[in-house]
Amino acid sequence: MKKWMWFIIAMLISFAPGIFGVFFTPHGNSHIWYNGLIKTGLTPPGWVFSVAWTILYFLLGWALYLVIVRVRKNVSKIRSYILFGVQMLLNAGWSYAFFGAHMPGLALVILLALFISSTWMAREFGKFDRWAAFMVVPYLLWLMFAFYMNAYILLMN
């Protein structure tokens with residue numbers, strides 16, 4: 001398969017949790033539960049989340065693409081793909097737990113598992129492509145910030 005096709009496939013896979021999450025995330029003032037929560041003063045406006053997640057999903061897709069086209073060992077590829085899939089499922093699960101089920105406690109546990117699996121994924125990617133690992137770093141930083149915001153909501157509400 002041509003490299004540009006792998007790039008498109010990697011992007012589609014990486015944006016899948018975001019597409020799933022759109023069904024649960026608040027839009028404007030229409031989401032009564034989320035709007036009624038006490039949030040940290042560091043919570044950015046809604047549009048920041050859209051921009052941030054678009055950039056993060058793009059970087060994750062690019063990192064996956066680099067692993068697809070550069071890693072030669074099948075066992076290593078399978079481990080990388082599994083870790084990528086796990087963190088994608090946890091990412092989608094967080095959206096459902098927090099926004100869909102209104103369970104910030106469960107969402108926080110999922111977020112911790114997401115951070116651990118994403119860190120492991122970055123380390124695995126780094127064994128084969130330094131840039132693929134670097135592209136996961138902004139995601140890890142955002143996950144730490146999300147953990148803070150989620151924990152604040154859990155404690156204050």
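**Aromatic pairs and helices in an all-helix model**

With a relative accessibility of 27%, Phe7 counts as partly exposed, because this class takes in whatever falls between buried, under 20%, and exposed, over 50%. That value, like the others here, comes from a predicted model.

Phe7 is a handy way into the aromatic side of the structure. The model holds 19 aromatic pairs. In one of them, Phe7 and Phe58 meet edge-to-face, with 6.3 Å from centre to centre and 75° between the planes. This pair ties together distant parts of the chain: Phe7 belongs to helix 1 (residues 3–21) and Phe58 to helix 3 (residues 46–70), 51 residues apart. Phe58 has a relative accessible area of 36%, so this ring also ends up partly exposed.

Trp131 and Phe134 make another edge-to-face pair, with 5.6 Å between the centres and 75° between the planes. Here the partners are sequence neighbours of a sort: both lie in helix 6 (residues 130–134), three residues apart, which is about one turn of the helix. Phe134 is partly exposed, because its relative accessibility is 44%.

Some rings gather into a group. Phe15, Phe49, Trp53, Tyr57, Tyr139, Trp142, Phe145, Tyr148 and Tyr152 make up one aromatic cluster. Tyr34 has a charged partner instead: the charged end of Lys39 sits over the ring of Tyr34, 4.6 Å from the ring centre.

Stepping back to the whole chain, the fold is built from seven helices and zero strands. Read from the N terminus, the order of elements is simply α-α-α-α-α-α-α. The C-alpha trace spans about 50 × 25 × 25 Å along its principal axes. A compact globule of 157 residues would have a radius of gyration near 15 Å, so the 16 Å of this chain agrees with that picture. Of the 157 residues, 41% count as buried. Contacts often reach far along the sequence: among those between residues at least 6 apart, 78% join residues at least 24 apart. The accessible surface comes to about 8800 Å², and 75% of this area belongs to carbon and sulfur atoms.

Helix 4 (residues 74–100) passes a simple length check. Its 27 residues should span 39 Å at 1.5 Å a residue, and its end C-alpha atoms are 37 Å apart, so the two values agree. Just after helix 4 comes His102, with a positive phi of about 55°. That is a positive value in a residue other than glycine. His102 lies in the loop between helix 4 and helix 5, and this residue counts as partly exposed because its relative accessibility is 35%.

On the other side of that loop, helix 5 (residues 104–126) has 23 residues and reaches 32 Å from its first C-alpha to its last, close to the 33 Å expected at 1.5 Å a residue. What does helix 5 bury? Its buried residues are Pro104, Ala107, Leu108, Ile110, Leu111, Leu114, Ser117, Ser118, Met121, Ala122, Glu124 and Phe125. And which helices do these buried residues pack against? Their partners are helix 2 (32–35), helix 3, helix 4, helix 6 and helix 7 (137–156). Two of these partners turned up earlier: helix 3 carries Phe58, and helix 6 carries Trp131 and Phe134.

Terms used
Residues numbered from 1 in each chain as written. Predicted model: local features only at pLDDT ≥ 70, side-chain atom pairs only at ≥ 80, totals over all residues. Heavy atoms only, no water. Helix = DSSP H or I, 4+ residues; strand = E, 2+ residues; numbered from the N terminus. Expected span 1.5 Å × (residues − 1). Phe/Tyr/Trp six-rings, centres within 6.5 Å; stacked < 30°, edge-to-face > 60°. Buried < 20%, exposed > 50% of the residue type's maximum accessible area, 1.4 Å probe, protein only. Lys NZ or Arg CZ within 6 Å of the ring centre and 35° of its normal. Rg over C-alpha atoms; globule rule 2.2 N^0.38 Å. Contact = heavy atoms within 4.5 Å. Areas by Shrake-Rupley, 256 points an atom, 1.4 Å probe, with all protein chains shown as cover.
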